[in-house]
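Student: Could we take a close look at one part of this model together? I would like to understand how its aromatic rings sit against one another.

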Amino acid sequence: MSVHEQIAEAQAEAVASIEQSNDLESLTALEPSLFGKKSQLGSLKRLMGEVDADDRASVGEALNEAQRIIREAHGVAKERFLSATRRDQLEAERLDLTESLESSPQGHLHLVTQTMERLEDVFVGMGFTVSEGPQAETDWYNFEALNLPAAHPARSMFDTLYLDLGDRTEIGDGQGGEATNILLRTHTSPVQIRVMEMMPPPIYTVCPGRVFRRDTADASHMPVFHQIEGLVVDHGISLADLAGTLNEFTAAYFGGSIRSRLRPSYFPFTEPSAEFDITCVICEGDGCQTCQRTGWIELGGCGMVHPNVLTNCGIDSEEWTGFAFGFGIDRLAIMRYGIKDLRDMYTNDIRFLRQF
Ligand code: PHE
């Protein structure tokens, strides 16, 4: 075999072995046999001395050309493997931002909580503090101290849920009431009592919170709902202060075109008592389906704190007078947003809640 044929064969074998390598690792392993002293071309180069002087130039040229071709094939293969590795790496480390957006969406406060916080803001802006009390109450705080003794007929105004504590009679109410009569508070008025027991007048506070009644859920009732109570006790407080405060609140919360009015009513813990209505927020007083064509919507109850209630809390009813009011938060929220069914607020369908 001539030297030229040997060179051609060495080149062909080297190129074939490059083409057969299938990753960077096997290509690297191949390098000594392509370029090293022990490579086929390397051995041929060592034979140069034995080549005839006339042929030396052409053999040298052929060797260089074969070397160039092998290097080029090696370079191309190496680049191909490197870019494949980079592609795999990019693929493996890719951050799927759309996916992380979907899997951890940012939540927000429930509509009722939002409404509660807005109401608190308005009252705090008017100089009120915010007070809270327990949801499981004693008979004393929920009824008795509020001038509703055991056999009082007005107790039927409240469909009460009592807790069955078995024989855990050690839970007392601290007021000499029936220890076993623990109930879920039916209104936020017990918080009034707790505030008056705890601090001396003057008192300007609101008490938002969850309340419970033995009611079947329907479009406008829930057995669990929310109220906000207001209590003011100071020197010389009159019904005019109550009416003025409710008017101020109504304008601040609903805007200037909505007004409030009082209608005589009855609550055992206030005397005189009233219901308070606001201009219908849907029709602004023109009369519509929501307000049953009256132009007004009933929001809650209110009145002057009954002297017995002040006395029950150790406050001298000759020296101090006060007013209280309470209304439902859930109903306010559904009215404001035109929600047809109260139950939608509590089925926790994220598609519904997400809107607010
Ligand atoms: N607690 C009453 C209710 O739930 C509302 C109310 C509060 C009435 C304060 C008068 C004064 O129906």
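Tutor: Happy to! In this predicted model, the structure holds 14 aromatic pairs. Take F249 and Y253 to begin with: their rings are stacked, at 5.8 Å centre to centre and with 20 degrees between the planes. Both residues belong to helix α9 (residues 239-254), where they are four residues apart, about one turn of the helix. Here is a rule worth remembering: an α-helix has 3.6 residues a turn, so residues three or four places apart point the same way. As for their surroundings, F249 and Y253 are both buried.

Now compare that with another pair, Y337 and F356. Their ring centres are 5.2 Å apart and the planes meet at 65 degrees, so this pair is edge-to-face; the cut-off for that label is over 60 degrees. Y337 lies in helix α11 (residues 329-337), while F356 is in the segment after α12 (350-353), so the pair ties together parts that are 19 residues apart in sequence. What about burial here? Y337 has 37% relative accessibility and therefore counts as partly exposed. F356, at 19% relative accessibility, counts as buried, because the cut-off for buried is under 20%.

Let's return to F249 and Y253 and look at the rings around them. Ring pairs link these two into a cluster with F123, F128, Y204, F254, F276, F323, F325 and F327. Y253 also has a charged partner: the charged end of R336 sits over the Y253 ring, 5.7 Å from its centre.

You can find a similar arrangement elsewhere, with R80 and F81: the charged end of R80 sits over the ring of F81, 5.1 Å from the ring centre. F81 is one of the buried residues of helix α4, and others among them are V59, L63, I70 and H74. What covers the buried residues of α4 includes α1 (3-20), α2 (24-35) and α3 (40-46).

While you are at α4, try a little check on its length. The helix has 41 residues (residues 53-93), so at 1.5 Å a residue it should span 60 Å; the C-alpha atoms at its ends are 60 Å apart, which agrees.

So, when you look at rings in the model, keep two things in mind: a pair of aromatic rings is described by the distance of the centres and the angle of the planes. With those two values you can tell the stacked pair of F249 and Y253 from the edge-to-face pair of Y337 and F356.

Terms used:
Residues numbered from 1 in each chain as written. Predicted model: local features only at pLDDT ≥ 70, side-chain atom pairs only at ≥ 80, totals over all residues. Heavy atoms only, no water. Helix = DSSP H or I, 4+ residues; strand = E, 2+ residues; numbered from the N terminus. Expected span 1.5 Å × (residues − 1). Buried < 20%, exposed > 50% of the residue type's maximum accessible area, 1.4 Å probe, protein only. Contact = heavy atoms within 4.5 Å. Phe/Tyr/Trp six-rings, centres within 6.5 Å; stacked < 30°, edge-to-face > 60°. Lys NZ or Arg CZ within 6 Å of the ring centre and 35° of its normal.
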